[in-house]
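Student: I am new to this structure and would like a close look at one part of it. Could you walk me through the aromatic pairing and the surface around the start of the chain?

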Amino acid sequence: MHWIFWGSIVAFLVVINLVDFLTGRKYNFSEQEESLNQNIAKAGAQREVGRFDHHNMP
């Protein structure tokens, strides 16, 4: 009965490694793409900084 438990764990690990190999390890969760809202917020902040610098030029 234990062989069912250990066999399922081994099969699960084999499938995980197979999927990782077939996808070429292209997914890296530590470097996620920025969302559209993050890009819009960053662009807005840069515009505001530029606007502030432009109005306070001597």
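Tutor: Happy to help; here is the whole chain in brief, followed by the aromatic pair and then a surface patch. Please keep in mind that this is a predicted model. The chain has 58 residues, and 2% of them count as buried. Its secondary structure comes to 2 helices and 0 strands. The accessible surface of the chain is about 6,000 Å², with 65% of that belonging to carbon and sulfur atoms.

Now for the rings. Searching the whole structure turns up 1 aromatic pair. The partners are Phe5 and Trp6, whose ring centres lie 5.0 Å apart with their planes at 75 degrees. Planes over 60 degrees apart count as edge-to-face, so that is the label this pair receives. How exposed are the two partners? Phe5 has a relative accessible area of 43%, which makes Phe5 partly exposed. Trp6 reaches 53% relative accessibility; because the cut-off for exposed is over 50%, Trp6 counts as exposed.

Next, look at the surface patch. Met1, Trp3 and Ile4 make a nonpolar patch of about 450 Å². One of these residues, Met1, sits in the segment before helix H1, which spans 2-22. Met1 has a relative accessible area of 77%, so Met1 is exposed.

To put the two parts side by side: Phe5 and Trp6 form an edge-to-face pair, while Met1, Trp3 and Ile4 make a nonpolar patch on the surface.

Key: Residues are numbered from 1 along each chain as its sequence is written. This is a predicted model: local features need pLDDT of at least 70, side-chain atom pairs count only at pLDDT 80 or more; totals for chains, interfaces and linings use all residues. Side-chain values use heavy atoms; hydrogens and water are left out. Rings of Phe, Tyr and Trp (its six-membered ring) pair if their centres lie within 6.5 Å; planes under 30 degrees apart count as stacked, over 60 as edge-to-face and the rest as tilted. Buried means under 20% relative accessible area, exposed over 50%, partly exposed in between (1.4 Å probe, protein chains only). Patches are made of residues with over 30% relative accessible area and no salt bridge: like charges are joined within 9 Å, nonpolar side chains (Val, Leu, Ile, Met, Phe, Trp, Tyr) within 5 Å. Accessible areas come from the Shrake-Rupley method with a 1.4 Å probe; for residues, only the protein chains shown count as cover. A salt bridge is a side-chain nitrogen of Lys or Arg within 4 Å of a carboxyl oxygen of Asp or Glu. Helices (H or I, at least four residues) and strands (E, at least two) are DSSP runs, numbered from the N terminus.
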